[in-house]
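Grab your viewer and work through these exercises. Try each task yourself before you read its solution.

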Amino acid sequence: KMEFGHVGTHCDQLGCSQLDFLPFGCVGCHKTFCLDHRSFKAHHCPNYSANIEIPNCPVCNEPIVIQQGEDPNIEVDKHIQLGCPKAPKTMNSCNFFKCKNTEAVRIICEDCHLNHCFSHRHPQDHKCVKWIEKMEQKKEKEKERESLSNRMNEVQLRIGKLVEEKSKTNPTVKKVQLMRLKTKAAGNANISPENRFYLEVIFPLESKVAPKLMYFHRDWTVGKVLDVSADAGNITNNNNQSKGDKLHLVSLKTGNSIPNGLALKDVAEILTSGDSILLEKVPSEPST
């Protein structure tokens, strides 16, 4: 015959029924459980998230029941100050202005590297100067990207209009334009007539420079044509620098930039003598 059979309570977990002389009552489902099944997770409490928040103490790792309407920061702090069995004797002061709260654990801000209490642990809560600076820099980068996007759209719109305009020029008019180019174009007089490549150079809109009729050596690379054209229009050329807008020569047949390394004589499919070409500034991506 078992003595003291009336003492203790059987665990309510299905399949357990262990007799426990120090049972644990669940505040969620109001049932009784043994040591192994006392946690919400262990007995799959159906009311685990119903109006109850269960943070763990950062010091002793014990669950702290937070009822609806209660501030988890305050309740965890109360537990550490008054009941936590592992709370250290020396507490950590909050660095927020005029805050006198102390915590058993150090809560270091990853931006300013100062300690704060639970209530002021977030950068926005302790008005973190470093975090504010980072957010302002982020906003500036977003403005730069927005400005870049707008300028790119303007460039693409202009290229599209010029391509459409030049595509409507009939062959007879093109022949007349080439004859005019050959009589009016400026260039290096040392280039023999048979090696001259005639182009109407259209400059960036913001430069307010009128188009120029020019000729170049057919063996010159597109990059050299770009440099000579920029000099002729007094256009700032930052192509050899890491920062600043970059100049591109754009074919008004395709609307695409022509690779700088190609020679004029090798780009006949997209550029022929007598054509118009656009020297345009293309915005660079902002630095990260």
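**Exercise 1. Where does Asp227 lie, and is Asp227 buried or exposed, or something in between?**

Step 1: Asp227 lies in helix H4; helices (H or I, at least four residues) and strands (E, at least two) are DSSP runs, numbered from the N terminus.

Step 2: Check the cover. Asp227 has 36% relative accessibility, so Asp227 counts as partly exposed. The cut-offs: buried means under 20% relative accessible area, exposed over 50%, and partly exposed is in between (1.4 Å probe, protein chains only).

Step 3: Pick a reference point. Leu279 is 52 residues from Asp227 along the chain, and their C-alpha atoms are separated by 10.0 Å.

Before going on: this is a predicted model, where local features need pLDDT of at least 70, side-chain atom pairs count only at pLDDT 80 or more, and totals for chains, interfaces and linings use all residues. Residues are numbered from 1 along each chain as its sequence is written, and side-chain values use heavy atoms, with hydrogens and water left out.

**Exercise 2. Work out which parts of the model deserve your trust.**

Step 1: Start with the chain average. Mean pLDDT (the predictor's confidence in each residue, from 0 to 100) is 84, and 89% of the residues reach 70 or more.

Step 2: Go element by element. Helix H4 (residues 222-232) has the highest mean pLDDT, 96, while strand S5 (residues 52-53) has the lowest, 57.

Step 3: Look at the start of the chain. Over residues 1-7 pLDDT stays under 50, and the model has two contacts beyond four places in sequence for them. Contact means heavy atoms within 4.5 Å. Where pLDDT is low, don't read the predicted coordinates in detail.

**Exercise 3. Which strands pair with S9, and in what direction do they run?**

Step 1: Take strand S10 (residues 212-217). Six bridges join S10 to S9, and the two run antiparallel. Two strands pair if DSSP finds at least two bridges between them. Glu200 has Leu213 in S10 as its bridge partner.

Step 2: Take strand S12 (residues 275-282). S12 runs parallel to S9, with four bridges between them. Here Val201 is partnered by Ile277.

Step 3: Ask about burial. Of the seven residues of S9 (residues 196-202), five are buried, so the strand is largely enclosed by the rest of the structure.

**Exercise 4. Find the largest nonpolar core and its best-connected residues.**

Step 1: Apply the definition: a nonpolar core is a set of buried Ala, Val, Leu, Ile, Met, Phe, Trp, Tyr and Cys residues joined through side-chain atoms within 4.5 Å. The largest one has 26 residues, and Val201, Phe216, Leu249, Leu271, Ile277 and Leu279 have the most contacts inside it.

Step 2: Map the core to elements. S9, S10, H4, strand S11 (246-251) and S12 each give two or more residues to this core.

Step 3: Zoom in on Ile277. Beyond four places in sequence, its contacts include Leu199, Val201, Leu249, Leu252 and Leu271.

Step 4: Don't miss the other core. Apart from the largest one lies a core of eleven residues, among them Cys57, Cys84, Val105 and Phe118.

**Exercise 5. Trace what Leu252 and its neighbour Lys253 hook up with.**

Step 1: Leu252 is found in the loop between S11 and S12. With 5% relative accessibility, Leu252 counts as buried.

Step 2: List partners. Not counting residues up to four places away in sequence, Leu252 touches Leu162, Val163, Lys166, Ile202, Ser276, Ile277 and Leu278. Leu162 is 90 residues away in sequence, yet the C-alpha to C-alpha distance is 6.6 Å.

Step 3: Now Lys253, which forms a salt bridge with Asp275, with the closest N and O atoms 3.2 Å apart. A salt bridge is a side-chain nitrogen of Lys or Arg within 4 Å of a carboxyl oxygen of Asp or Glu. Lys253 lies in the loop between S11 and S12 and Asp275 in strand S12, so the pair ties together parts that are 22 residues apart in sequence.

Step 4: Compare cover. Lys253 is partly exposed at 41% relative accessible area, whereas Asp275 is buried at 12%.

**Exercise 6. How many salt bridges does the structure hold?**

Step 1: The count is eight.

Step 2: One of them joins Glu200 and Lys166, whose closest N and O atoms are 3.4 Å apart. That pair links distant parts of the chain, 34 residues apart: Glu200 is in strand S9 and Lys166 in helix H2 (residues 129-167).
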